[in-house]
Amino acid sequence: MTSPTLAERRLETYRRLLTISQTLTSTLDLLTLLEVIVNAARDLTDTEATSILLLDQKTGQLYFEAVTGSKSEEIRRVVVPPTSLAGWVARVGEVQIINDVQKDDRFYAQSDERTGFQTRSLIAVPMKVKERIIGVLEAINPVDGRTFDDDDVDVLTTLSAQAAIAIENARLFQQSDLISEMVHELRTPLTSIVAYSELLLRQAVEPEMAQEFIETIYQEALNLSNMTNAFLELSRLQSGRVRFQMAPVAIGELIEEIAALLRPQLDRLNLTFNVQLPDPPIRVIGDRERLRQVIVNLASNAIKYNRPNGSVLIKVTPPDAGQYVTLSVSDTGRGIPAKDLPHIFEKFYRVADSEGYAQGTGLGLNIVRQIVEAHGSHVEVDSEVDRGTTFRFTLKAAR
Ligand SMILES: Nc1ncnc2c1ncn2[C@@H]1O[C@H](COP(=O)(O)OP(=O)(O)OP(=O)(O)O)[C@@H](O)[C@H]1O
Ligand SMILES: [Mg+2]
C-alpha cells in the first residue's frame, strides 16, 4: 500500500472539516458544541490533546471550558493568567506555534499539573467573531512526534473561525430561550390582572368584593414589576453587557445600608436581625452594586422563607491565611428539602409549596450565583427542613 500524498492528505482533511462544519451549525447546545470542536481539532491535527479557552465577557478572564480526554472536568473553569501563552493569543489575536514550550516563559505549567500532560509543543489560535476575540483554541503534542507546521495553522484557523460563529449562535439561542421563558412567566400575573379588572369594569361588584379584587390586581402588578426588573438584570448578566467594576468595598457599611432598607420587612414579621462583622472593619474586592444585589436577594429570601419570631444573621468572617473572607446569610426558616437543593439556583425554580408561602419569580438565586461566580467565587448552601438555611460564599479581602 502506498502512503497518501500530501495533496491527498490535505483533501481528506478538508473533507473532514466540511463534515464537522455541518455538525457545528446544527448544534445549539453550548457544551455539546465545545465537545465536538475539541474532538474535531484533535482528529484534524492528530495531536494528544486540544482545548478551548473562553474569555469571560464580564471579567475579561480567560478560562478552560473544554478539554479532550478524561481530565476535562478537573480543568474546566480553571482561569489562566493573562501572561500565559493563551492569554497572549487572546490579547494579540495572532496564531502562535511553540515547538518547545518548556523554553517559552509564557507557558503556563499549572495546566500540565492539572491534566497530567507533559506539554512539549503547542499551537494556539484565536477564536474570533468578526474582529472580536471570544477565546483560544489550543492543540498540544502531535502524536507522531513531528513539529507543528503551516498546515496545522490552516486547519485550526478554519476550524476556529467556524467554531467561534457556532459558539456565538449557541449563546444567542440561549438568550432567545430566556426570552420565551420570561414571556411565559409574565402571562400568569397578566392574565389575572386582566380577568379581575374586567370583572370590576363589567359587573356590579359588591364594594367589599371590589376591594379584594383591587388588592389582587395590585399584588399581581407588583409581582410583574419585580419580574421585569429581575428579567432585565438576568438578560444583562447573560448577554455579557455588564462590566463589573471591581474595587475595594467597605463590606460592613454596605451590610448596614441593606439592613436599614430591610428593617420594615423584618419588623413586620417580628424577626430578629443580627450582623457579625470583623473587627477592625475590612474591605473586600468586588463590584459594590452587584454585591448589594447578592446580599439583598439572599437576605430577602431569609426573611420571606422564615417563620414568625425567627431570626436572620448576616456574618462576615475575618480574612483567613489566604486573605479570603466568608460572607454568610443564615435564617431559622422553613429550610429547603434535600431533593430541591440541587435545583434552587436554576432559573424560575421554586420549591413546590413556596407559591402559597411567598411571592417570587425564582430568579433571585440564579442572579446571585452569576454575580458571585463573576467574583471568582461559588455559592454554597446548607439547609435543614424546619430548622433553617445558610448561604455562603467567599470574597477576597482588599489590602
Ligand atoms: N432562605 C431560604 N429558605 C427556604 N427556601 C429558600 C430560601 N432561599 C430560597 N429558597 C427556595 O428557593 C427558591 C428559589 O429562590 P429564588 O430567590 O431564586 O427565587 P424566589 O425567592 O422564589 O423569587 P425572587 O427571588 O426572584 O423574587 C425559592 O422559591 C424557595 O423555594
Ligand atoms: Mg428570592
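A salt bridge is taken here as a side-chain nitrogen of Lys or Arg within 4 Å of a carboxyl oxygen of Asp or Glu. The structure is a predicted model, and the exercises below work through it.

**Exercise 1. Decide which parts of the chain the pair E233 and R290 ties together, and whether these two residues are buried or exposed.**

Solution. Begin with the contact: E233 forms a salt bridge with R290, and the closest N and O atoms are 2.4 Å apart, which satisfies the 4 Å limit. Next, place the partners: E233 belongs to helix α7 whereas R290 belongs to helix α9 (residues 288–304), so the pair ties together parts that are 57 residues apart in sequence. Finally, consider the surroundings, where buried means under 20% relative accessible area; both E233 and R290 are buried.

**Exercise 2. Trace the contacts made by R120, and state what its backbone nitrogen and its side chain each meet.**

Solution. Take the side chain to start with: R120 and E48 meet through their side chains in a salt bridge, at 3.3 Å from N to O. E48 sits in strand β1 (residues 47–55) and R120 in the loop between α5 (109–115) and β5 (122–129), so this bridge joins parts that are 72 residues apart in sequence. E48 has a relative accessible area of 30% and is therefore partly exposed, and R120, at 40% relative accessibility, is partly exposed as well.

Then turn to the backbone: the nitrogen of R120 lies 2.7 Å from a polar atom of the N141 side chain. N141 is found in strand β6 (residues 132–142) and is buried, with a relative accessible area of 0%. R120 thus counts as partly exposed, while its backbone nitrogen has a polar atom of the N141 side chain at 2.7 Å.

**Exercise 3. Classify the two partners of the salt bridge between D152 and R146 by accessibility, and then set the pair within the count of such bridges.**

Solution. The side chains of D152 and R146 meet at 2.9 Å, N to O. With a relative accessible area of 5%, D152 is buried, because the cut-off for that class is under 20%; R146, at 28%, counts as partly exposed. For the wider setting, the count comes to 17 salt bridges, and a network of them links E257, R288, E289 and R292.

**Exercise 4. Identify which residues form the negative surface patch, and where E208, one of them, is found.**

Solution. The patch is formed by E206, E208, E212 and E215. Of these, E208 can be placed in helix α7 (residues 207–239), and its relative accessible area of 71% makes it exposed. Helix α7 therefore holds the exposed E208 and also E233, which is buried.

**Exercise 5. Find where the backbone departs from the usual geometry, examining R77, N270 and the peptide bond from D279 to P280.**

Solution. Start from the expectation that most residues other than glycine have a negative phi, and that most peptide bonds are trans. R77 has a positive phi of about 75° although it is not a glycine; this residue lies in the loop between α3 (72–75) and β3 (79–80), and at 46% relative accessible area it is partly exposed. N270, likewise not a glycine, has a positive phi near 55° and lies in the loop between α8 (251–268) and β8. The peptide bond from D279 to P280 is cis, with omega near 0°, and P280 is found in the loop between β8 (272–276) and β9 (283–286).

**Exercise 6. Describe the overall dimensions of the chain, and then set out how separation in sequence and in space stand for two pairs of residues, L178 with V372 and G69 with Q219.**

Solution. The protein chain comprises 11 helices and 13 strands, and along its principal axes the C-alpha trace spans about 95 × 60 × 35 Å. Of its 399 residues, 45% are buried. L178, in helix α6 (residues 150–202), is buried at 1% relative accessibility; its C-alpha atom is separated by 20 Å from that of V372, 194 residues away along the chain. G69 lies in the loop between β2 (62–67) and α3 and is partly exposed at 46%; 150 residues lie along the chain from G69 to Q219, and their C-alpha atoms are separated by 53 Å.

Notes
Residues are numbered from 1 along each chain as its sequence is written. Chains are lettered from A and ligands numbered from 1 in the order in which they are written. This is a predicted model: local features need pLDDT of at least 70, side-chain atom pairs count only at pLDDT 80 or more; totals for chains, interfaces and linings use all residues. Side-chain values use heavy atoms; hydrogens and water are left out. Patches are made of residues with over 30% relative accessible area and no salt bridge: like charges are joined within 9 Å, nonpolar side chains (Val, Leu, Ile, Met, Phe, Trp, Tyr) within 5 Å. Accessible areas come from the Shrake-Rupley method with a 1.4 Å probe; for residues, only the protein chains shown count as cover. Lys and Arg count as positive and Asp and Glu as negative; His and the chain ends are not counted. The place of a charge is taken as NZ of Lys, CZ of Arg, CG of Asp or CD of Glu. Helices (H or I, at least four residues) and strands (E, at least two) are DSSP runs, numbered from the N terminus. Buried means under 20% relative accessible area, exposed over 50%, partly exposed in between (1.4 Å probe, protein chains only). A polar contact is a pair of N or O atoms within 3.5 Å; within protein, one must be able to donate a hydrogen and the other to accept it, and residues adjacent in sequence count only if both atoms are side-chain atoms.
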